[in-house]
Amino acid sequence: LRKVVLPQSCVSLGLLSDIQNNAASGTFYGCTNLREINLEHVEYICDRSFYGCSSLEIDFVNDKVTELNVVFYNSGIKSINCPNLREIDSAFAYCSNLQGDVYLPNLESIGVESFRGTLISTVSSLGNITEIGGRTFNGCTNLKKCVLPSTLQSIGSTAFYQCTGLESLILNSTVPPTLADNAFLQASSMFKIYVPDVSVDAYKAANYWKNFASRIYPLSEYQE
């Protein structure tokens with residue numbers, strides 16, 4: 001199976017009731033030869049639908065889907081343009097061809113490992129999330145810039161582990177989010193942290209943030 005053309009009448013891959021009843025999910029689970037499929041018109045994609053589809057060479061463009069959980073795990077997708085996503089959990093983990101910018105302006109929840117092991121270079125919007133789950137950007141060695149919203153309240157364990165290319169972390173929260181002690185384990189030793197001007201002292205004094213006090217700067221000093 002190398003190519004699938006879905007009719008416009010197909011708006012759902014897998015039934016929501018399947019997940020509610022804990023039935024098997026994953027429409028194209030493990031189809032390692034699948035390379036093409038049209039998903040622009042689809043409104044719902046069940047868990048693990050493209051899990052392990054390592055040859056899937058698509059730019060995922062969709063303005064209808066609002067939730068993705070483990071959908072593209074370890075697949076070959078190249079980019080995402082899905083502005084109405086509200087919830088993701090492990091959705092793009094180990095997508096080793098996934099590159100470019102992450103722009104998810106309506107996102108409300110991002111679970112564990114969502115972009116782990118990808119080649120993304122920037123994160124320009126994560127909507128209004130309150131938490132970055134554990135291992136979210138773990139191993140994203142190409143990630144250079146990450147912008148975090150004012151609603152953020154916590155950053156989980158090894159969230160930025162081995163982000164060796166990280167240059168700028170921009171936080172818009174006036175109150176320092178709770179930070180796991182190993183959130184930046186083996187990340188770049190040179191990245192700078194930019195925070196609201198009124199909050200510089202608060203970040204430098206906050207638990208675990210204070211370990212990076214010398215790298216914390218007022219947001220007004222940030223330059224592209």
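This dialogue reads a sheet and two backbone angles in a predicted model.

Me: In which order do the six strands of the open sheet lie, and is their pairing parallel or antiparallel?

Reply: As a general idea, strands of a sheet pair through backbone hydrogen bonds, and the pairing may be parallel or antiparallel. Here the open sheet runs in the order β9-β11-β13-β15-β17-β18, with parallel pairing. Its edge strands are β9, spanning 99–103, and β18, spanning 216–218, each of which has pairing on one side only. From one strand to the next, the twist averages 25°.

Me: How many bridges join β9 to β11, and which residue stands opposite D101?

Reply: Five bridges connect β9 with β11, the strand of residues 119–125, and the two run parallel. Within this pairing, D101 faces T122 of β11.

Me: What is the sign of phi at Y94, and where does this residue lie?

Reply: The general expectation is that most residues other than glycine have a negative phi. Y94, which is not a glycine, nevertheless has a positive phi near 65°, and its place is the loop that links β8 (87–89) to β9. With a relative accessible area of 31%, Y94 counts as partly exposed, because that class lies between the 20% and 50% cut-offs.

Me: What is phi at E113, and is that residue buried or exposed?

Reply: E113 also is not a glycine, and its phi is positive, at about 60°. The residue sits in the loop between β10 (109–110) and β11. Its relative accessible area is 12%, so E113 is buried, the cut-off for that class being under 20%.

Note on methods:
Residues are numbered from 1 along each chain as its sequence is written. This is a predicted model: local features need pLDDT of at least 70, side-chain atom pairs count only at pLDDT 80 or more; totals for chains, interfaces and linings use all residues. Side-chain values use heavy atoms; hydrogens and water are left out. Two strands pair if DSSP finds at least two bridges between them. Helices (H or I, at least four residues) and strands (E, at least two) are DSSP runs, numbered from the N terminus. Axes are lines fitted to C-alpha atoms, for helices over the stretch in contact, and angles run from 0 to 180 degrees between N-to-C directions. Buried means under 20% relative accessible area, exposed over 50%, partly exposed in between (1.4 Å probe, protein chains only).
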